[in-house]
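Please look over the model below together with its sequence. The report that follows goes through its overall make-up, its aromatic side chains and the surroundings of a ligand.

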Amino acid sequence: MAAAAAALRTPARLGLDGAAAGEQWLRKRQRQRGPPAPVAVPCRWKAAAAAVVRCQRAAGAAIVEKKDASVAAAQERGGDGGAGPGLTVVMKFGGSSVASAERMREVADLVLSFPEERPVVVLSAMGKTTNKLLVAGEKAVSCGAANVSELDELSFIKELHLGTIDQLGLDRSIVCGLLDELEQLLKGIAMMKELTLRTRDYLVSFGECMSTRIFAALLNKIGVKARQYDAFEIGFITTDDFTNADILEATYPAVAKRLHGDWINDPAIPIVTGFLGKGWRSGAITTLGRGGSDLTATTIGKALGLREIQVWKDVDGVLTCDPNIHPKAKPVPYLTFDEAAELAYFGAQVLHPQSMRPAREGDIPVRVKNSYNRRAPGTLITKARDMSESILTSIVLKSNITMLDIVSTRMLGQYGFLAKVFSIFEDLGISVDCVATSEVSISLTLDPSKLWSCELVQQKNELDDVIEELEKIAVVHLLQNRSIISLIGNVQRSSLILEKAFNVLRRNGVNVQMISQGASKVNISLVVHDSEAKQCVQALHSAFFENGFLSEVDKMDVLHDDFASHSNRTVHSH
Ligand SMILES: Nc1ncnc2c1ncn2[C@@H]1O[C@H](COP(=O)(O)OP(=O)(O)O)[C@@H](O)[C@H]1O
Ligand SMILES: N[C@@H](CC(=O)OP(=O)(O)O)C(=O)O
């Protein structure tokens, strides 16, 4: 431990003087004002001060004893609930947060502006690297091995990463090996004229492997000890569902053991690749589905029993709707895990659909923040929140949905019919989003993200199989180009939400083709035609969030309560 502390006190560039100055300043400041506040640290000492604070804590100087059982349990797993010498928070930065050298510097500064924290950092690939890798892979299938080196996407990826390294004054060798391996892989794809899902995952893994190496090197260069980890090497064990793998339970103890063990032996900020895992049967690299770094972060949060999970994005938190659909979208200050999960599942790109699960299981708050606007309060997601005033929280749009109307030919009884329909989907491994049933018919929508992997094997074939099977027991209508508009909110107030929503839709001449209210009690879904969907979301947003409707409802509620208590009194007096 003493050796580790010494290593932290003599950072590469700041040297002993910088660290000593930082320590002196920190002591003086603590005498004057108590514990350090993030924004008040003078720039030139910030790194040194942060290193010193970490060093002091690593040496056990700032351990606060807590006898609370949950904290003790968390410590056992490696975290400390903010009390002991372990790691305290996860900070996940998405691709847009680390898109360039300037952004990497900014994020390093942001991490160090919380000297009271001992973070695990999770990073996505830089900018649009994942998309570029996928396009490079698709092109490699048909471009011929000799032409791989000339692929625009490969040149872009090389320039982005090497350029970033040069601008940050780092050593190119940190990614050269990976870039060579990437080119070899693309040549392999070109030779085989085939891009399997398994290869696809190996291909996209280069993005996170490079961004984390660059960021760890940057922190080490500015004098803050950091250690890079590939998630697939430290216990992220998943199913072998390439491109959409699920985290397996064994991941939690394995990751806790590795990250906590390393931290205790030799404290250094862990910088972990988001999005990636290792298939438990195949041993090959897997990915957790697009946007999967959020899930990496919440998994680490639960594994280590950390105090908080922070996901830093390019927006001021979870917004009332997608800002690309409606620029007047505004931040939602509080959400429950259920609301956030529903929102993500029904298409809000801001969070990975599965990412709330570990946070909910570990009861660890998730904070969604803006790395471009640190002062914005963001969104705090917790197990429960005060719903008394809540009506509608957010509107989510999922487009390009396929809807099936299935009407029984009455060959089977009602129970048999429903069971048969769902067993067909189960057999074909296709997941269903929304369902509405009557005695002899079912309308349902299919989840396009689950069909994502089918793009390569032609989505159409898969649907043809479904229809062929269903037609043995029903008349089937396939309706494509539909959208699900999900109204996430307090479904205890569903009559109010539906009344308002249908008024708006009627005024806009929109015909709703299906309605479904989830058992989770936070979501009402409406299916409309794709061509009307965007305009519907805008109209609904303006009705619910922009015209004082919610505060009007509050007033109406007061009147209603007054009326109810008055009529109760009247009844009693009779
Ligand atoms: N309801 C919503 N709230 C916030 N952002 C949303 C919402 N719906 C869609 N988005 C989009 O999600 C983006 C952030 O998610 P993502 O790109 O995955 O972030 P990152 O890559 O930084 O993790 C925003 O830039 C915004 O365009
Ligand atoms: N890089 C991966 C994983 C990820 O989570 O990215 P982001 O955090 O930028 O959404 C993707 O693009 O899907």
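The sections below describe this predicted model, moving from the chain as a whole to particular residues.

## Overall make-up

The chain holds 18 helices and 17 strands, and of its 574 residues, 51% count as buried. Its accessible surface comes to about 25,200 Å², and carbon and sulfur atoms account for 52% of that area. Where contacts join residues at least 6 apart in sequence, 75% of them link residues at least 24 apart.

## Aromatic pairs

Searching the whole structure gives 4 aromatic pairs. One of them is formed by phenylalanine 93 and tryptophan 312, whose rings are stacked, at 6.0 Å centre to centre and with 20° between the planes. This pair connects distant parts of the chain, since phenylalanine 93 belongs to strand 1 (residues 89–93) and tryptophan 312 to strand 8 (residues 308–313), with their positions 219 residues apart in sequence. Phenylalanine 93 has a relative accessibility of 0% and therefore counts as buried, and tryptophan 312, with a relative accessible area of 1%, is buried too.

In the pair of tyrosine 345 and phenylalanine 346, the ring centres are 5.4 Å apart and the planes stand at 80°, so the arrangement is edge-to-face. Tyrosine 345 is partly exposed because its relative accessible area is 24%, whereas phenylalanine 346, at 6%, counts as buried; the cut-off that separates the two descriptions is 20% relative accessible area.

## Aromatic cluster and charges over rings

Phe93 and Trp312 also belong to one aromatic cluster together with Phe114. Elsewhere, phenylalanine 346 has lysine 398 over its face, at 5.7 Å from the ring centre, and tyrosine 252 has lysine 302 over its face, at 3.9 Å from the ring centre.

## Surroundings of ligand 2

The residues that surround ligand 2 include Lys92, Gly94 and Gly95, then Ser124, Ala125 and Thr130, and further along the chain Glu208, Phe275 and Arg290 to Ser293. Among these residues, three have side chains for which a polar distance to the ligand can be given: lysine 92 places an N or O atom 2.7 Å from an oxygen atom of ligand 2, serine 124 places an N or O atom 2.6 Å from an oxygen atom of the ligand, and glutamate 208 has a polar side-chain atom 2.7 Å from a nitrogen atom of ligand 2. Taken on its own, ligand 2 has 340 Å² of accessible area, and the protein covers 83% of it.

Technical notes. Residues numbered from 1 in each chain as written. Chains lettered and ligands numbered in written order. Predicted model: local features only at pLDDT ≥ 70, side-chain atom pairs only at ≥ 80, totals over all residues. Heavy atoms only, no water. Helix = DSSP H or I, 4+ residues; strand = E, 2+ residues; numbered from the N terminus. Buried < 20%, exposed > 50% of the residue type's maximum accessible area, 1.4 Å probe, protein only. Contact = heavy atoms within 4.5 Å. Areas by Shrake-Rupley, 256 points an atom, 1.4 Å probe, with all protein chains shown as cover. Phe/Tyr/Trp six-rings, centres within 6.5 Å; stacked < 30°, edge-to-face > 60°. Lys NZ or Arg CZ within 6 Å of the ring centre and 35° of its normal. Near = heavy atom within 4 Å. Polar contact = N/O pair within 3.5 Å; in protein donor to acceptor, adjacent residues only side chain to side chain.
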